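Me: Could you take a close look at one part of this structure for me? I'd like to hear about the aromatic residues and what surrounds them.

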Amino acid sequence: MHQDVAFRDWYIDRVRHIRQITPRQAEAIYLVRCGLSNERIAELMGICVNTVKSHLQAVFRSLHVGTRAELVAEIDDTLGLNGETDHDPADRPPRAKNSSD
């Protein structure tokens, strides 16, 4: 799943405000959402795989989820990305630009 930089930044910023998630944990969550492995996440973040696992385990405990799919579903639901748009329009994610724009 490819997302543009504006969406990535929006997503990470919003995730950071959920249950005191750290900026690095939020970045790892975004990369999980993109479908990346722990090894690839570690490479992109410049950290070891055990640190990625530690970040994700802390988030799993905090959000009371047990799998990566549950994590992404919980975060997306909290951010209103599952089709429910009861949030302020200014708080919605930026739209990806079409190549024809």
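Reply: Happy to! Let's begin with Tyr-11, which is buried because its relative accessibility is 0%, under the 20% cut-off for that class. Bear in mind that this is a predicted model. Phe-7 also has little exposed surface: its relative accessible area is 7%, so Phe-7 counts as buried too. Both Phe-7 and Tyr-11 belong to helix 1, which covers residues 5-15. They sit four residues apart there, about one turn of the helix.

Now for the rings themselves. A pair of aromatic rings is described by how far apart the centres are and by the angle of the planes. The count of aromatic pairs comes to three. One of them joins Phe-7 and Tyr-11, with 5.8 Å from centre to centre and 35° between the planes. That pair is classed as tilted, because the tilted class takes in what is neither under 30 degrees nor over 60. Phe-7 and Tyr-11 also belong to one aromatic cluster together with Trp-10 and Tyr-30.

For a second view, turn to helix 4 (residues 49-63) and helix 5 (residues 68-78). Their axes come within 11 Å and cross at roughly 60°, which means that helix 4 is oblique to helix 5. The crossing of these two helices is left-handed. Helix 4 contributes Leu-56, Val-59, Phe-60 and Leu-63 to the contact, while helix 5 brings Arg-68, Leu-71, Glu-74 and Ile-75. Six of the contact residues are nonpolar, two are charged and none is polar.

Technical notes
Residues numbered from 1 in each chain as written. Predicted model: local features only at pLDDT ≥ 70, side-chain atom pairs only at ≥ 80, totals over all residues. Heavy atoms only, no water. Axes fitted to C-alpha atoms, helices over the stretch in contact; angles between N-to-C directions. Parallel < 35°, antiparallel > 145°, perpendicular 65-115°, else oblique. Left-handed = near helix turned anticlockwise from the far one by under 90°. Contact = heavy atoms within 4.5 Å. Nonpolar A, V, L, I, M, F, W, Y, C, P; charged D, E, K, R; others polar. Phe/Tyr/Trp six-rings, centres within 6.5 Å; stacked < 30°, edge-to-face > 60°. Buried < 20%, exposed > 50% of the residue type's maximum accessible area, 1.4 Å probe, protein only.
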